[in-house]
Amino acid sequence: MSLKGSLTVASDKSITHRAIIFSSLSKGTTQIYNPLLGEDCLSTLEIFKSFGVKSHIENNCLTITSPGIDSFEIESPVLDAKNSGTTARLLMGVFPYLKKPVTLIGDDSLSRRPMRRVVTPLSQMGARIELKEEATLPAHIFPSHLSGISYVLPVASAQVKSAVMLAGMLAKGRTTISEPIPTRDHTEKMFEDFKIHYQKLNRVITIEGPQMPQTPGEVFVPGDISSAAFFIVAALIVPGSEIIINNVGINETRSGIIDVIQSMGGNLTLLNPRYFGGEPVADLKVEYTPRLTATVIEGELIPRLIDEIPILALLATRAVGTTVIKDAEELKVKETNRIDVTVQQLSSIGAKIKATEDGMIIEGNPMEDFCEAKVSSHKDHRIAMMLCVASLLLEKPLVIEDVESMNISYPDFLQHLQALSEN
Ligand SMILES: O=C(O)C1=C[C@@H](OP(=O)(O)O)[C@@H](O)[C@H](O)C1
Ligand SMILES: C=C(OP(=O)(O)O)C(=O)O
């Protein structure tokens, strides 16, 4: 069954988290238009609501009214980031500034993910944060006076960069952060929107603190390229498909998937490029491509498409030749070990895919049929949606265990897929 028609995918998760954080830290009212109301962003919102921030959702607009960070009331000291790494890591940069100690917890998956990467720079700034021995949540975070530091990011992580940027904004003195490999720059853009002065020169960010964010009144969130990725790949591999995805963010730090698809010979065209709320966007036209060619995905490309690797692995199974994905060891510390889970799930339906230390190797063949199998998302939203797209290539749909994990980033995914299939 081919996919036809146009759609607007889920709004950007990374930008919505940051819009909620900055709106909550600044005094006054901010209207966030087109927010993502997926479970992860709601985890961020719930934490700020527990501090006395008020919110209201109407007509695709989230209105946040905050007394400002200096007037937060800490009613409950236990704060739950649930499944969201972005919530946990970015907010660790803010919590040492609070007037009372708090404990940050998460669900089973988040409680396995590494937190030392944020605690190390924050401790150097003077934060007192106690983690479990394994360097994971729960984290006990005590009120601390922070001072600026110079820090070179040892991992290419926008979450670590953003935690240090937020702490640097609230700290006394100069913070410099060097980023050897560029990562998504939505926090930098939000700094500009909320009037935080900083400099970025040759991958080095400098902030003079303390500074308090000031609301611009309105923030606009574009469509999420990481969510669009599932429909892009679906249209490329399901015969007869032709779709248009409206208003997708194509920020250079996120658009690695576009480069990869172009290098594979995929029929993907960017229409009407423009700006939407300070972020570059375009409408993406995608058509079925019978002959895709294998590629290599590595190096500086990896952070520009890190969350798209499970769905790109599926795409590679339909391309002619051997696709190699390397330098992607960060995938092992996402909601699941996404190298192992992607390889297990795609192998079980007949794909020729092998895990390596830092990625995977995929022998693609557009002619080979997938077979029925018992598959599971392992409670990872990106794996759930990747398996839904794989299912389009089978006669009988796959039964996917824990498919509802897609509510983390894309609650309307199945309705959107259904609507395109009916056209
Ligand atoms: O900053 C962000 O919004 C994100 C950064 C990335 O994580 P890392 O910083 O751990 O690479 C990404 O995988 C995650 O989905 C969202
Ligand atoms: C890794 C992800 O998110 P987070 O780190 O915020 O849990 C993701 O959305 O794929």
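Pro210 sits in the loop between strand S12, residues 204–209, and strand S13, residues 218–220. The bond that joins Gly209 to Pro210 is a cis peptide bond, with omega at about -5°. I should say at once that we are looking at a predicted model. As a general matter, most peptide bonds are trans, and most residues other than glycine have a negative phi. With that in mind, let me turn to two further places in the backbone.

A cis peptide bond also joins Leu137 and Pro138, and its omega is about 0°. Pro138 belongs to the loop between strand S7, residues 128–130, and strand S8, residues 139–142. The other place is Asn34, where phi is near 65°, a positive value in a residue other than glycine. Asn34 lies in the loop that runs between strand S2, residues 28–33, and helix H2.

I now move to the overall division of the protein. There is a domain 1, covering 13–207, and a domain 2, covering 222–422. Taken over C-alpha atoms, the centres of domain 1 and domain 2 are separated by 28 Å. How many residues of each domain are in contact with the other? Domain 1 contributes 19 residues, and these are in contact with 17 residues of domain 2. On the side of domain 1 that touches domain 2, helix H1 (13–25), helix H2 (39–49) and helix H6 (186–193) each supply at least two residues. By class, the residues of that side of domain 1 comprise 7 nonpolar, 4 polar and 8 charged.

Both domains also take part in the surroundings of ligand 2. Each of domain 1 and domain 2 gives at least three residues to the shell around this ligand. Which residues are they? They are Lys13, Asp40, Ser84, Gly85, Thr86, Asp307, Lys334, Glu335, Arg382 and Ser409. The shell around ligand 2 holds no nonpolar residues, 4 polar residues and 6 charged residues.

Two of those residues, Gly85 and Thr86, bring us to helix packing, for they recur in the contact that helix H3 makes with helix H5. Helix H3, residues 85–92, packs with H5 at an angle of about 30°, and their axes are 7 Å apart. H3 is therefore roughly parallel to H5, since angles under 35 degrees count as such. The two helices cross in a right-handed sense. From H3, the contact is made by Gly85, Thr86, Arg89, Leu90 and Met92, and from H5 by Gln159, Val160, Ser162, Ala163 and Leu166. The residues of this contact divide into 5 nonpolar, 4 polar and 1 charged.

Helix H5 has another partner to consider. The axes of helix H4, residues 116–124, and helix H5, residues 158–170, come within 9 Å and cross at roughly 25°. H4 and H5 are therefore roughly parallel to each other as well. Is the crossing of H4 with H5 left-handed or right-handed? H4 passes H5 in a right-handed crossing. On the H4 side, Arg117, Val118, Pro121 and Leu122 take part, and they meet Val160, Ala163, Val164 and Ala167 in H5. The residues of the contact of H4 with H5 are 7 nonpolar, no polar and 1 charged.

Val160 and Ala163 of H5 thus appear in the contact with H3 and in the contact with H4.

How values were computed
Residues numbered from 1 in each chain as written. Chains lettered and ligands numbered in written order. Predicted model: local features only at pLDDT ≥ 70, side-chain atom pairs only at ≥ 80, totals over all residues. Axes fitted to C-alpha atoms, helices over the stretch in contact; angles between N-to-C directions. Helix = DSSP H or I, 4+ residues; strand = E, 2+ residues; numbered from the N terminus. Parallel < 35°, antiparallel > 145°, perpendicular 65-115°, else oblique. Left-handed = near helix turned anticlockwise from the far one by under 90°. Contact = placed C-beta atoms within 7 Å. Nonpolar A, V, L, I, M, F, W, Y, C, P; charged D, E, K, R; others polar. Near = placed C-beta within 6 Å. Domains from an automatic or database assignment.
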